[in-house]
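Me: I am new to reading structures, and I would like to go through this one feature by feature. Please give me the general idea each time before turning to the case in front of us.

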Amino acid sequence: APAVCVIAFCLGPVALFVLVWELSRKPFAAFVAATVYSLCAPTELLQPDGAFAWRHFLDARRMYVNFVWDEAPHQIALAFVCLTVVAWSRGWRGAAVVSIALAAVASPFGITGCALFGFCWLLARGWSQWSLVVSTAAVGYLIVCPFYPPSLFAALRRNGALAPESEFTASSWIVLAATIAVMIALSKKLPFFALLAVLTSSIPMLFYRFDLHFIDQPGRYKIEMELALVAAVVVGLAALPRRVARAFGVAALCFCVYQTIQHRRFSKNSIKPADATKTIEYRVAKWVETNLPNETVYAAGSIAQWLNTFGNVRQYGGGAYPSAINVEQQKLYWSVLGERSAEKVAAQLGAVGVGAI
């Protein structure tokens, strides 16, 4: 829904502002961090989506992933993760529990986000805080347990084995152990935001550059990487002599005025009202509903994802693939896409009750 996307787009910078202000005690630095985070794409300098170019630092990437790539739930979850750290800093157990629960409800990335931020928090603030972090995380999970039962995590593990970027292998354990060791070593020299930037940057960069991972869907953690990089750089600059730090801040805000104009132009071209009835997804859903009312159908891509939104249709796929309960169903669903024999496809899908593709 458009309202959800707008909330996600606005909530993230506000949460970052509160987090940086809480940990740095510098409201001006917090405002600069929130503004730069809203209007720039620092990940494009370290791990670009496509070919590297300096100009991509100016891309409206956060707007694009929020409104076009449907990452609004991920963005909302990240905002609540930031507020969780604020609650930990204040010692507010109840607020931390609520923030963790809301982050998890918004997206599964809220669960992993709390784990990543919590790990960096303990490294930066000392393991004496482990009871606060662990207890609030445990209670927060109990609140959302009906939505994330233990069986779901087992399904995620089984389905992850079907995708190279999510399969947990021996190399995953090695990379995880090495990452933990490096983070512990760095904790003696780096503050919270720098540790967070290193950890969140390592996840997508290890995946894209070396095909290594220790967490599901590592490429999508560029969202956490972006927030952490901005916070680390701005807080680092804020530690410079006050006159120099303010000069950097004012220059950044002046630059962001230009960026605001560019983002406005981008939004006018990219965010437009659309008539769903004109789309192929809607037309297919209605055609199937009318012409194949009693059939189970096999669909792929965006058609599968929207089929039950626009029509009362029984289909073989179309759900959240990582959390599907039946791994055998997932194996058949994906194997069909690469099968060249039409006869074999018909036989396989017919055996599970599919009447049309």
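Me: In what order do the strands of the open sheet stand, and is their pairing parallel or antiparallel?

Reply: Strands of a sheet pair through backbone hydrogen bonds, either parallel or antiparallel. In this predicted model, the open sheet has 3 strands in the order E2-E1-E3, and the pairing is parallel. Strand E2 (314–315) and strand E3 (354–356) stand at the edges with a single partner strand each, so one side of each is left without a neighbour in the sheet.

Me: How many bridges join strand E1 to E2?

Reply: Strand E1, which covers residues 296–297, is joined to E2 by 2 bridges, and the two run parallel. Within this pairing, threonine 296 stands opposite arginine 314 in E2.

Me: How many helices and strands does the chain have?

Reply: The chain has 17 helices and 3 strands. Its radius of gyration is 23 Å, close to the 21 Å that the globule rule gives for 357 residues, so the chain is as compact as a globular protein of that length. Along its principal axes, the C-alpha trace spans about 70 × 45 × 40 Å. Buried residues make up 45% of the 357 residues, and among contacts between residues at least 6 apart in sequence, 66% join residues at least 24 apart.

Me: How should I read a single helix, and what span does helix H2 reach from its first C-alpha to its last?

Reply: An α-helix has 3.6 residues a turn, so residues three or four places apart point the same way. Helix H2 takes in residues 27–39, 13 residues in total, and reaches 19 Å from its first C-alpha to its last, which is close to the 18 Å expected at 1.5 Å a residue.

Me: Which residues of H2 are buried, and which helices do they pack against?

Reply: The buried residues of H2 include Ala29, Ala30, Val32, Tyr37 and Leu39. In H2, 10 of the 13 residues are buried, so this helix is largely enclosed by the rest of the structure. The partners against which these buried residues pack are helix H1 (2–24), helix H4 (61–67), helix H5 (72–90), helix H12 (222–238) and helix H13 (242–270).

Me: Over which rings does arginine 62 lie?

Reply: The charged end of arginine 62 sits over the ring of phenylalanine 9, at 4.4 Å from its centre. Arginine 62 also lies over the face of tyrosine 37, where the distance to the ring centre is 4.8 Å. Tyrosine 37 has already appeared here among the buried residues of H2.

Me: What about rings that meet other rings, and how many aromatic pairs are there?

Reply: Rings count as a pair if their centres lie within 6.5 Å, and by this rule there are 17 aromatic pairs. In one of them, the rings of tyrosine 282 and phenylalanine 310 have centres 5.3 Å apart and planes at 65°, so this pair is edge-to-face. The pair links distant parts of the chain, since tyrosine 282 belongs to helix H14 (residues 280–291) and phenylalanine 310 to helix H15 (residues 301–310), 28 residues apart. Tyrosine 282 counts as partly exposed at 23% relative accessibility, whereas phenylalanine 310 is buried, with a relative accessible area of 17%. Elsewhere, ring pairs link Phe117, Trp121, Phe192 and Phe193 into a cluster.

Me: How do I read a backbone angle, and what is the phi of arginine 25?

Reply: Most residues other than glycine have a negative phi. Arginine 25 has a phi near 60°, a positive value in a residue other than glycine, and it is found in the loop between H1 and H2. With a relative accessible area of 55%, arginine 25 is exposed.

Me: Where is aspartate 70 placed, and is aspartate 70 buried or exposed?

Reply: Aspartate 70 lies in the loop between H4 and H5, and its relative accessible area of 61% makes this residue exposed. The phi of aspartate 70 is near 50°, again a positive value in a residue other than glycine.

Methods:
Residues are numbered from 1 along each chain as its sequence is written. This is a predicted model: local features need pLDDT of at least 70, side-chain atom pairs count only at pLDDT 80 or more; totals for chains, interfaces and linings use all residues. Side-chain values use heavy atoms; hydrogens and water are left out. Helices (H or I, at least four residues) and strands (E, at least two) are DSSP runs, numbered from the N terminus. The expected span of a helix is 1.5 Å times one less than its number of residues. Buried means under 20% relative accessible area, exposed over 50%, partly exposed in between (1.4 Å probe, protein chains only). Contact means heavy atoms within 4.5 Å. Two strands pair if DSSP finds at least two bridges between them. Rings of Phe, Tyr and Trp (its six-membered ring) pair if their centres lie within 6.5 Å; planes under 30 degrees apart count as stacked, over 60 as edge-to-face and the rest as tilted. A charge sits over a ring if NZ of Lys or CZ of Arg is within 6 Å of the ring centre and within 35 degrees of the ring normal. The radius of gyration is taken over C-alpha atoms; the globule rule is 2.2 Å times the number of residues to the power 0.38.
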